Amino acid sequence: MRSEAHLPDGTPVVIRPLTTDDGDELKRGLEHLSPASAYRRFLGTPPTLNGTTLKYLTDVDHINHEALGAADPKTGHGIAIARFVRSTDDPTHAEIALAIADAWQHRGLGSLLLDALAARARAVGITTFTGLVLADNVAMLKLFERLGPTTHHPAGAGTVEVTTDFLSIR
Ligand SMILES: CC(C)(COP(=O)(O)OP(=O)(O)OC[C@H]1O[C@@H](n2cnc3c(N)ncnc32)[C@H](O)[C@@H]1OP(=O)(O)O)[C@@H](O)C(=O)NCCC(=O)NCCS
């Protein structure tokens, strides 16, 4: 399921589902994320990546929990992660989160990864993504909007819960 793709500027990237071998690279990526990006991703302090947390984040079943990683083929290092976790209340819904390495942001990688994540989600019967996002996170709000019509509900502490039904996308 490894695929090669290109950013709009032609830069190649490799996208593939995470495996349990990716723990060290995940840790490395989080350590290199700027405090501002980490705050936007985790809406606070990032988690401590101990064995239990790393196992949860990498030992995914690809059906109820998917995590796609992007890597720079020049270095082999991870540069982004997109994840969905299916809702236990409604199996057609999943919560998503993305984190793109700072140097790779605003270059179309989030859009690329989200499309790949949505395709994976559709394949396992998920049609709606939700996410808790800082209300001023314009890039993430735009990512939701490009999937389909969105609804926003204020969720306190400067956040909004965004929902988008992406049934109609390719
Ligand atoms: C939010 C995030 C995932 C977006 O990924 P990205 O690769 O930067 O996004 P893209 O380059 O694909 O751009 C997506 C859209 O946002 C816009 N955008 C990107 N960065 C922007 C910025 N800093 N300010 C305003 N708009 C921005 C792009 O122009 C594009 O809009 P368009 O579709 O109308 O052209 C990424 O910036 C990130 O990881 N941020 C830190 C963590 C985070 O915020 N995670 C989200 C919480 S789940």
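## Hairpin of β1 and β2

In this predicted model, H6 has P12 of β2 as its bridge partner. The two strands involved are β1, covering residues 3–6, and β2, covering residues 12–17. Their pairing is antiparallel and runs over four bridges.

Five residues lie between the strands of this hairpin. Among them is G10, whose phi is positive, near 95°.

## Hairpin of β7 and β8

A second antiparallel pairing joins β7 (residues 150–156) to β8 (residues 159–165), here over six bridges. G156 of β7 faces T159 in β8.

Two residues separate β7 from β8 in the hairpin that they form. A157 sits in the turn and has a positive phi of about 55°.

## Ligand site

The ligand is located in the largest pocket. Four elements each contribute two or more residues to the shell around the ligand: the helices α2 (35–42), α4 (109–123) and α5 (138–147), and the strand β5 (93–100). Of the elements, α5 makes the greatest contribution to this shell, at five residues.

There are 20 residues around the ligand, and those that come nearest are I100, H106, G108, G110 and S111. Sorted by class, the shell consists of nine nonpolar, seven polar and four charged residues.

## Polar contacts and coverage of the ligand

Polar backbone atoms of R107, G108 and G110 each lie at a short listed distance from a ligand oxygen atom. For G110 the separation is 2.7 Å, for G108 it is 2.8 Å, and for R107 it is 3.1 Å. In each of these three pairs the protein partner is a backbone atom. G108 and G110 also belong to the residues that come nearest to the ligand.

On its own, the ligand has 920 Å² of accessible area, and the protein covers 76% of that area.

## Summary of the elements

The hairpin of β1 and β2 has five residues between its strands, whereas the hairpin of β7 and β8 has two. Each hairpin includes a residue with positive phi, namely G10 in the hairpin of β1 and β2 and A157 in the turn between β7 and β8. At the ligand, the shell draws two or more residues from each of α2, β5, α4 and α5, with α5 giving the most.

Note on methods:
Residues numbered from 1 in each chain as written. Predicted model: local features only at pLDDT ≥ 70, side-chain atom pairs only at ≥ 80, totals over all residues. Heavy atoms only, no water. Pairing = 2+ DSSP bridges. Near = heavy atom within 4 Å. Polar contact = N/O pair within 3.5 Å; in protein donor to acceptor, adjacent residues only side chain to side chain. Areas by Shrake-Rupley, 256 points an atom, 1.4 Å probe, with all protein chains shown as cover. 1 Å grid on protein atoms, 1.4 Å probe; cavity = no way out; pocket = protein on both sides within 12 Å on 5 of 7 lines; lining within 4 Å. Sits in = over half its atoms within 2 Å of the grid points. Nonpolar A, V, L, I, M, F, W, Y, C, P; charged D, E, K, R; others polar.
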